[in-house]
Amino acid sequence: MKNIAILYFSGTGNTSYIAHNLQRRLEDYQTICSSITKSVDFESIINTNDFVFFCYPVYGSTAPTIMEDFVNKYKDLLVGKEVGVIITQGGFSGDGAYYLARILKKLGAKVVCAEHFVMPDSISDNKKKPITKYDIAKYLNKANRRLDEFVYCFNKGKYIKRGSTVFSRMLGGIQRVPWKAFYPKLIAMHKVNENLCDGCGLCAKLCPTENITVENGKVIKDNKCTLCYRCVNNCPNKAITIFGKNMQYQYKGIRGYQVKKQKQEI
């Protein structure tokens, strides 16, 4: 029996949902599922598991910087390791999973499978129409059907490698090239409306890269934003924006719309 580790980064909860539901379906294996932002012994987790899934939300057909940094930190442990890549996306990314898969291959890992899941878009500061429970239900129905198919194929050894073709890479490149070129400008778009901010510090507490601190009731930003939208979607005063200018609504993640049958982690 394989021991499987599912290591994920989730900005607002979409990838967490997929990662934990993947774990529940892999009932024939010994599994552990953890956010890479937790303070746990990842060296031991990677060493003691035969297979590692890396899961993340795709941004501009790339992986979040926090996930790339994590993989590079533990690169020596990935040589010869069997791995899979799972991504969540708001629309289409071309080779979103194979972006990281190619990095893992260069590090000596054996990429076995890759899959994409379309989930609700967490970029909420440029939209006027809020997402509804009905919308969420449609996304989850499709995602769970794809999870069922993915795990069925995984158990049979018929591995899905979504985004692995040359055509997919070309389509991903259409998004990736401008995204990387403008990335410094994109993170500089992170704005705090001082007229709305009350200095509560929630954004600093939630930030996975410690990009935000609060001093004397004022938000101070570094240059480490990973564009995960946690702060934007959780600010109680809707004082933070990135791509948009005015907050019409906030995306609270899957758990914000579901009947709380179980607690979902970010």
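**Salt bridges, cores and backbone outliers in the predicted model**

Asp148 counts as partly exposed, at 44% relative accessibility, where buried means under 20% relative accessible area, exposed over 50%, and partly exposed in between (1.4 Å probe, protein chains only). The structure is a predicted model, in which local features need pLDDT of at least 70 and side-chain atom pairs count only at pLDDT 80 or more, whereas totals for chains, interfaces and linings use all residues. Residues are numbered from 1 along each chain as its sequence is written, and side-chain values use heavy atoms, with hydrogens and water left out.

The side chain of Asp148 meets that of Arg25 in a salt bridge, at 2.7 Å from N to O, a salt bridge being a side-chain nitrogen of Lys or Arg within 4 Å of a carboxyl oxygen of Asp or Glu. This pair links distant parts of the chain, since Arg25 belongs to helix H1 (residues 14–25) and Asp148 to helix H5 (residues 133–156), 123 residues apart; helices (H or I, at least four residues) and strands (E, at least two) are DSSP runs numbered from the N terminus. Arg25 is likewise partly exposed, with a relative accessible area of 22%. By the stated rule, the count of salt bridges comes to eight.

A further salt bridge joins the side chains of Arg176 and Asp95, at 2.9 Å from N to O. Arg176 lies in helix H6 and Asp95 in the loop between E4 and H4, so the pair ties together parts of the chain that are 81 residues apart in sequence. Both Arg176 and Asp95 are buried, and together with Arg102 they are linked in a network of salt bridges. In another pair, Glu115 forms a salt bridge with Arg162, the closest N and O atoms being 2.7 Å apart. Here too distant parts of the chain are linked, with Glu115 in strand E5 and Arg162 in the loop between H5 and H6, 47 residues apart. Glu115 is buried, at a relative accessible area of 0%, whereas Arg162 is partly exposed, at 30%.

Helix H4 (residues 96–106) is largely enclosed by the rest of the structure, because eight of its eleven residues are buried. These buried residues are Gly96, Ala97, Tyr98, Tyr99, Leu100, Ala101, Arg102 and Leu104, and they pack against strand E3 (51–57), helix H3 (65–73), strand E4 (82–89), strand E5 (110–118) and H6, contact meaning heavy atoms within 4.5 Å. Just after H4, Gly108 takes a positive phi of about 100°.

The largest nonpolar core, a nonpolar core being a set of buried Ala, Val, Leu, Ile, Met, Phe, Trp, Tyr and Cys residues joined through side-chain atoms within 4.5 Å, holds 49 residues, of which Leu7, Phe54, Met67, Leu100 and Leu104 touch the most other members. H4 gives the most to this core, with six residues. When residues up to four places away in sequence are not counted, the contacts of Leu7 include Ile36, Phe42, Val52, Phe54, Met67 and Phe70. Apart from this core lies another, of 31 residues, among them Tyr17, Leu26, Cys113 and Tyr249.

Several loop residues are also buried. Thr62, in the loop between E3 and H3, is buried at a relative accessible area of 4%; its side chain reaches the backbone oxygen of Tyr59 at 2.6 Å. Not counting residues up to four places away in sequence, Thr62 touches Tyr56, Pro57, Tyr99, Arg176, Trp179 and Lys180. His190 has its place in the loop between H6 and strand E6 (191–192) and is buried, with a relative accessible area of 3%. With the same sequence exclusion of residues up to four places away, the contacts of His190 include Ile212, Cys225, Cys231 and Ile242.

Most residues other than glycine have a negative phi. Tyr229, in the loop between strand E8 (218–221) and helix H8 (230–234), nevertheless has a positive phi of about 75° and is buried, at a relative accessible area of 2%. Glu210, for which phi is near 55°, is found in the loop between helix H7 (202–206) and strand E7 (212–215) and counts as exposed, at 61% relative accessibility.

Notes
A polar contact is a pair of N or O atoms within 3.5 Å; within protein, one must be able to donate a hydrogen and the other to accept it, and residues adjacent in sequence count only if both atoms are side-chain atoms.
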